[in-house]
Amino acid sequence: MTANYFNPVQSVYGAGALLSLPKLLAGRKVALVTFPEARAIGLLARLESILKGQLSCVIDQVRPNPDVTELTGTWEKFWREHPDTEVIIAVGGGSAIDTAKALMVGNDSGKFDDLLAGLAGEKAFAPTRFKSLIAVPTTAGTGSEVTPWATIWDREQQKKYSLHLPQTWPSYAVIDPELMLSLPASVTLQSGLDALSHALESIWNVNANPISDNFAVAAVRDTMDVLPQLMQQLDNLALRGRMALAALKAGMAFSNTKTALAHSISYEMTLRYGLPHGIACSFPLPMVLERAIGRRADRDLVLTQALGVPLTDATRYLADFIEKLGVKTRFTDYGVSEEEGEKMVLHAQGGARGKNFIGSPNSEIAA
C-alpha cells in the first residue's frame with residue numbers, strides 16, 4: 001500500500017510565536033481579520049504594534065459561523081478598496097480563519113454572488129485574484145490553520161457550504177499558546193472537543209492513510225490526557241501549549257482525510273438547534289464509534305491504539321470521557337427524539353462528509 005500525504009502549510013509553534021509575523025510578511029502590506037473582542041482585550045493594539053506600517057486595514061467584526069448575508073458586503077468592500085493588499089492575517093477561532101479564506105479569492109466581477117454560486121454548485125467559481133493567508137488561531141481545536149476548508153453558513157436558507165480551492169491553503173500557521181490563556185472555560189471545552197472530533201473522524205475515514213493515522217493517534221491521546229487537566233487550570237501555559245499542539249496534530253490528520261459522519265450530523269444540529277460546533281460534532285462521537293467498530297480490521301487497530309482500551313469497552317470509555325466534561329452524548333439530551341435522531345444520522349450518511357465514514361452505505365464510492 002502506498003500513502004499520499006500533502007500539507008503545504010509552514011507551521012510556527014510556541015509561546016511568543018506571534019512576534020514572528022514581521023519576518024513572515026517580509027515587508028508586504030497586510031489586512032487583519034479578527035473578532036470584535038480583540039480590541040477590548042488588548043489583542044488588536046498588540047497586533048497593530050507588531051505590524052506597524054504594514055497594516056492596510058482591519059476587519060474586526062467577524063461573528064461566529066460566518067453567514068453569507070454578512071460576508072457579502074465585507075467581501076465586496078475588501079476587494080474594491082484593498083485590491084493591492086497581498087496578505088491576510090486571520091487572528092481568532094475558526095470563524096475568523098474561515099472568513100479570511102473567503103476573502104483570499106476574488107474575481108474580475110467583484111461580486112460575492114459568483115463565489116456563492118460556486119459554493120452552491122450552480123456554476124464553477126474561477127478566482128482570478130488571490131491573497132496569501134497567515135492563520136493565527138486563538139483557540140485550540142479548529143485545525144483550520146492547516147487545512148484549505150472554510151465553512152460558510154446561510155442561516156436564512158438553512159444551508160451550510162464548504163469552500164475548498166487550491167488557493168485557500170494558508171501559507172503559514174502561527175500557533176502561539178499565549179494567545180489562548182484568556183479563553184473562557186466554555187470555548188476551551190468546545191474547541192478541545194472539536195480537536196478530538198477531527199482526530200477520531202480522520203481514523204474512521206475512507207481516506208485515512210498511515211501518515212494521517214500517526215497525527216490522529218497522537219492527537220486523540222494528547223487531547224484525552226490534557227483537556228481534563230486544562231479545564232481545571234485554564235491559566236496554565238504549559239497545558240495550553242500541549243492542547244494547541246494536539247489540535248495542530250488533529251488538523252494535520254484531517255487536512256488529508258476530511259471529516260466524516262459526526263461532522264455531517266453536527267451541521268444540522270447547529271443550524272436547527274443552535275448547538276456550538278464543538279459540542280455538535282463531539283456529542284455523537286460514541287454513537288459513531290459504535291457504528292465504526294468492526295467495519296474494517298485496519299481501522300479497529302488504529303482506534304485501539306488511539307483510545308488505549310479494548311474496543312469492547314471503547315464506546316462507554318469515550319462516552320464517559322465526554323460526559324465527565326459536562327457534555328451529554330445522546331440526541332434526546334438536546335431535544336431530539338430517538339426516531340428523529342436516527343433519521344438525522346441516515347440523512348448525514350448521504351452528505352459529502354458522511355460518505356467519508358467507513359460505515360456509510362456509499363463509503364466505497366467516496367473513497
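Let me start with Leu196, which, once its neighbours within four places in sequence are left aside, is in contact with Val220, Thr223, Met224, Leu285, Leu318 and Phe321. Please keep in mind throughout that this is a predicted model. Leu196 is also one of the residues with the most contacts inside the largest nonpolar core, a group that further includes Leu193, Leu200, Trp204, Val220, Ile265 and Met269, and that core has 68 residues in total. Apart from it there is a second, separate core of 31 residues, and among its members are Ile59, Val68, Ala135 and Ala150. As a general remark, nonpolar side chains in soluble globular proteins tend to be buried together.

Let me turn to helix H6, which runs over residues 185-203 and so has 19 residues, with a reach of 28 Å from its first C-alpha to its last, close to the 27 Å expected at 1.5 Å a residue. How much of H6 is covered? The helix is mostly covered, since 15 of its 19 residues are buried. Helix H4, which spans residues 94-104, is likewise described as mostly covered, and here the count is 11 of 11 residues buried. If you look along H4 in the structure, the buried residues include Gly94, Ser95, Asp98, Thr99 and Lys101, together with Ile97, Leu103 and Met104.

Stepping back to the whole chain, we find 15 helices and 10 strands. The radius of gyration is 20 Å, close to the 21 Å that the globule rule gives for 367 residues, and the chain is therefore as compact as a globular protein of that length. Along the principal axes, the C-alpha atoms fill a box of roughly 60 × 50 × 45 Å. Of the 367 residues, 58% count as buried, while the accessible surface comes to about 15000 Å², with 51% of it belonging to carbon and sulfur atoms. If we take the contacts with a separation of 6 or more, 79% of them are accounted for by residues 24 or more positions apart.

I would like now to walk through a few individual positions, beginning with Thr270, whose place is in helix H9, residues 261-273. Is Thr270 buried or exposed? Its relative accessibility is 9%, and because the cut-off for buried is under 20%, Thr270 counts as buried. Not counting residues up to four places away in sequence, Thr270 touches Asn65, Trp153, Leu275, Pro276, His277 and Ala280.

Pro127 sits in the loop between helix H5, residues 112-119, and strand E6, residues 129-130. Although it is a loop residue, Pro127 counts as buried, at 16% relative accessibility. With residues up to four places away in sequence set aside, Pro127 touches Val105, Gly106, Leu165 and Gln167. Arg46, by contrast, is 81 residues from Pro127 in sequence and 33 Å from it in space, C-alpha to C-alpha.

Ser20 also belongs to a loop, the one between strand E1, residues 10-13, and H1. How far apart in space are Ser20 and Val174, which are 154 residues apart in sequence? The answer is 8.2 Å, taken from C-alpha to C-alpha, and Val174 is indeed in contact with Ser20, as is Val12, when neighbours within four places in sequence are left aside.

Two positions deserve a look for their backbone angles. Ala26 has a positive phi of about 55° although it is not a glycine, and its place is in the loop between helix H1, residues 21-25, and strand E2, residues 30-34. Ala26 is exposed, with a relative accessible area of 63%. Gln158, another residue other than glycine, has a positive phi near 55°, and it lies in the loop between strand E8, residues 149-154, and strand E9, residues 159-164. At 40% relative accessibility, Gln158 counts as partly exposed.

Let me finish with the cysteines. A disulfide is a covalent bond between the sulfur atoms of two cysteines. How many disulfides does the structure hold? The number is 0. Cys57 is buried, with a relative accessible area of 12%, and Cys281 is buried too, with a relative accessible area of 0%.

Key: Residues are numbered from 1 along each chain as its sequence is written. This is a predicted model: local features need pLDDT of at least 70, side-chain atom pairs count only at pLDDT 80 or more; totals for chains, interfaces and linings use all residues. Side-chain values use heavy atoms; hydrogens and water are left out. A nonpolar core is a set of buried Ala, Val, Leu, Ile, Met, Phe, Trp, Tyr and Cys residues joined through side-chain atoms within 4.5 Å. Buried means under 20% relative accessible area, exposed over 50%, partly exposed in between (1.4 Å probe, protein chains only). Contact means heavy atoms within 4.5 Å. Helices (H or I, at least four residues) and strands (E, at least two) are DSSP runs, numbered from the N terminus. A disulfide is a pair of cysteine sulfur atoms within 2.5 Å. The radius of gyration is taken over C-alpha atoms; the globule rule is 2.2 Å times the number of residues to the power 0.38. Accessible areas come from the Shrake-Rupley method with a 1.4 Å probe; for residues, only the protein chains shown count as cover. The expected span of a helix is 1.5 Å times one less than its number of residues.
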